[in-house]
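Okay, thanks everyone for coming. I'll put the structure up and walk us through a few pieces of it.

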Amino acid sequence: MDLSAINPILLVASLMVAATPLLFAAIGELVVEKSGVLNLGVEGMMIIGAVAGFATAVESGSPMLGFVAAAGAGAGLSVLFAVLTQYAQANQVASGLSLTLFGLGLSALMGQSYVGIKPPQMQKLDIPVLSDLPVVGPILFGHDLMLYVALGVITAVWAVIKFSRIGLVLRAVGENHDAAHALGYKVVRIRIMAIMFGGACAGLGGAYISLIRVPQWTEGMTAGIGWIALALVVFASWKPWRVLLGAYLFGGVTVVQLNLQAAGVAIPVEYLAMSPYLITILVLVILSADKSSAPAALGRNFHAAR
Amino acid sequence: MKLTNLMTSAAMAFGLATAALADDPTKVGFVYVGPVGDGGWTYEHDQGRKAVVAEFGDKVETVYVENVAEGPDAERVITQMALQGADLIFTTSFGYMDPTINVAAKFPNVRFEHATGYKQADNVATYSARFYEGRAVQGTIAGNMTKSNIVGYIGSYPIPEVIRGINSAYIHAKKVNPDVEFKIVWAFTWFDPAKEADAAKVLIEQGADVILQHTDSTAPQAAAQAAGNVITFGQASDMAEYGPLPRVSSIIDDWAPYYIARTQAVMDGTWASGNTWDGIGAGMVGIGEISDSVPADVKEAALAMKAALADGSYHAFTGPINKQDGSAWLAEGEVADDGTLAGMSFYVEGIEGDIPQ
């Protein structure tokens with residue numbers, strides 16, 4: 001055992017990279033749930049984003065274009081969910097689950113010819129002076145652009161929900177859609193926009209895995225991150241800053257586990273693999289005493305005539 | 001897998017219908033653990049399958065199913081293949097051992113070939129390559145090239161084949177560089193690019209400047225390339241697209257001659273169960289071109305090692321070698337017997353850490 005081999009600076013830096021897909025997916029889902037919709041299709045939208053982003057980046061040679069396509073594909077798939085739940089009044093849980101299964105299958109089909117191909121590389125941001133600072137440099141200024149975009153999205157969502165009128169309306173729709181409707185807000189339209197935002201974010205998260213973190217395409221490569229994102233939203237009790245905290249905690253588990261292994265500490269892989277879910281269950285138990293944090297209309301369908 | 005599986009079975013059903021009309025071609029099935037495009041292990045097996053098709057043309061019909069999980073799923077897929085009239089089935093991963101044996105017991109007229117396993121039956125032969133010979137060459141290069149004296153090793157599962165590779169690489173790295181140290185991470189998967197990439201990154205962060213992998217994807221190569229100043233070796237396939245750096249050489253599995261010979265044997269009715277374990281000499285293990293990033297003297301030493309292994313004048317496990325706990329294993333000049341190698345479950349002296357149970 002030689003814990004001194006673990007370089008804490010590099011550990012934090014790679015932990016941030018590992019947590020970024022989770023950040024994207026979770027912050028998108030947070031907005032969706034804030035509007036009172038429970039979309040369990042995060043995993044499906046992520047994997048579609050991963051394959052669409054990968055394919056676009058390979059064909060066009062531009063990773064940025066890949067991310068744009070990934071956001072588009074994620075949002076596109078989420079429209080399916082929106083139509084099912086907002087117009088057809090389908091059950092949200094069932095629709096979300098089928099979205100995940102559909103996404104996994106469709107992505108495997110789309111990705112057939114992209115297995116084993118090398119995508120164009122995304123340049124790391126190299127800010128003169130700042131990137132060379134000791135400690136802070138590699139942690140804060142040595143990453144790729146998308147990592148900062150993720151942090152930006154978190155900040156933006158936090159600011160919008162907390163301070164803006166749009167945020168207030170979103171929360172109103174999520175807390176009590178009948179009251180929001182009576183006030184003249186277009187509940188269905190607002191929810192569809194929230195769902196599409198969630199889809200776009202999930203798509204970005206997926207593309208971050210296939211274009212930056214791995215970078216490669218393989219079937220089912222999101223490997224449950226979408227589910228962790230769902231757990232994370234609950235863990236964060238629907239607060240953007242806690243999503244950030246939780247993502248680093250959950251995302252860090254894998255990185256820490258591998259680091260410990262390389263340093264000679266043998267912790268069975270299975271324990272760490274289940275730890276995010278264990279923590280979430282624990283938080284759920286604690287939260288059960290305090291129901292105020294979940295949007296009141298979460299998972300309930302809205303129809304103006306009812 | 002489900003979709004591929006479905007399409008393959010549709011193709012197989014169709015094939016069955018037409019086979020009855022034409023004069024019965026020999027049907028050869030392949031079960032793969034990863035996708036054929038993994039660029040490593042499964043890719044090379046599929047190259048072997050294509051060689052069989054090229055060799056026999058219309059006289060042979062091949063089917064394959066990719067991404068078959070080891071375990072109960074495998075048993076189902078193999079059974080399905082046997083039911084649909086395969087004459088010879090290659091199951092190409094260690095974890096298919098028991099499923100293959102189980103299915104073989106139910107289909108005595110179908111011949112099975114299991115790669116890298118140790119259980120045989122009247123209709124189950126085993127075959128493997130002496131990858132550890134290639135590891136000896138890699139160890140020689142790794143020991144010479146490392147500047148940090150830390151070599152990172154991504155293991156898949158703690159099975160004899162992988163442990164043999166670690167030991168062989170370590171012994172030969174140590175021989176040329178007494179200060180060398182191995183850091184071993186177990187990924188517990190054959191093919192999961194995300195996990196493999198993470199493992200490679202962690203090893204690099206902990207100071208490794210050489211990464212050896214016993215997993216099938218090219219993700220560790222990509223991670224090493226992104227990190228810079230790290231060298232890697234292609235695993236199972238050449239992975240030449242990552243040369244000349246980080247990939248400086250590779251172990252290439254060449255299954256084609258074996259697959260052709262065994263298919264021929266089935267056609268001739270001379271097929272018999274047995275165990276084939278060939279190395280560099282027989283050509284089953286190839287050493288990919290050593291790139292110019294390797295200094296000339298190191299390259300020379302590596303090639304000399306390869307030549308000695310090929311003509312049999314040197315065995316990769318030649319004593320004196322002690323086990324990890326310090327007890328004697330091989331005396332001076334003694335070479336390891338195949339039985340011990342096949343079931344190897346211990347590290348040699350000098351490697352730190354425990355093999356996970």
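So, at what angle to β2(B) does α2(B) run? About 165 degrees, and α2(B) lies across β1 and β2 of chain B. Before I go on, keep in mind that this is a predicted model.

Let's stay with those two strands for a moment. β1(B), residues 26-31, runs parallel to β2(B), and six bridges join the two. If you want a spot to look at, find Gly29(B), which stands opposite Val63(B) in β2(B).

They belong to an open sheet of six strands in chain B, in the order β2-β1-β3-β4-β5-β11, with parallel pairing. The edges are β2 (60-65) and β11 (275-278) of chain B; each has a single partner strand, so one side of each has no neighbour in the sheet. On average, neighbouring strands here are turned by 15 degrees against each other, ignoring direction.

Now the other sheet in chain B. This is also an open one made of six strands, ordered β7-β6-β8-β9-β10-β12, but the pairing is mixed. At the edges you find β7 and β12 (285-288) of chain B, each pairing on one side only. Here the average turn between neighbouring strands is 20 degrees, again with direction ignored. Inside this sheet, β6(B), residues 150-155, and β8(B), residues 210-213, pair in the parallel sense over four bridges. Gly152(B) is the residue opposite Ile211(B) in β8(B).

Stepping back to the domains: the assignment for chain B gives domain 1 as 2-129 and domain 2 as 131-253 + 285-342. Their centres, taken over C-alpha atoms, are 30 Å apart. How many residues does each domain of chain B put into the contact? Domain 1 puts in 14, and domain 2 puts in 15. On the domain 1 side, our helix from the start, α2(B), residues 41-56, gives the most, with four residues. That side of domain 1 has six nonpolar, six polar and two charged residues.

What about the contact between the chains? Chain B and chain A put in 30 residues each. On the chain B side, the elements giving two or more residues are β7 (181-186), α7 (193-205) and α8 (219-227) of chain B. The biggest giver is α7(B), with nine residues. By class, the chain B side divides into 14 nonpolar, eight polar and eight charged residues.

Last stop, two helix pairs in chain A. In the first, α7(A), residues 165-175, packs against α9(A), residues 187-213, at about 105 degrees, with the axes 10 Å apart. That angle is why we'd call α7(A) roughly perpendicular to α9(A). Val169(A), Leu170(A) and Val173(A) in α7(A) meet Val187(A), Ile190(A), Arg191(A) and Ala194(A) in α9(A). So that's six nonpolar residues, no polar ones and one charged.

The second pair is α10(A), residues 225-235, with α11(A), residues 240-262: the axes come within 9 Å and cross at roughly 135 degrees. That makes α10(A) oblique to α11(A), and the crossing is right-handed. From α10(A), the contact uses Ile228(A), Leu232(A), Val233(A) and Phe235(A), and from α11(A) it uses Val243(A), Gly246(A), Ala247(A) and Phe250(A). By class, that's seven nonpolar residues, one polar and no charged.

That's my tour, over to you.

Conventions: Residues numbered from 1 in each chain as written. Chains lettered and ligands numbered in written order. Predicted model: local features only at pLDDT ≥ 70, side-chain atom pairs only at ≥ 80, totals over all residues. Contact = placed C-beta atoms within 7 Å. Pairing = 2+ DSSP bridges. Axes fitted to C-alpha atoms, helices over the stretch in contact; angles between N-to-C directions. Parallel < 35°, antiparallel > 145°, perpendicular 65-115°, else oblique. Domains from an automatic or database assignment. Left-handed = near helix turned anticlockwise from the far one by under 90°.
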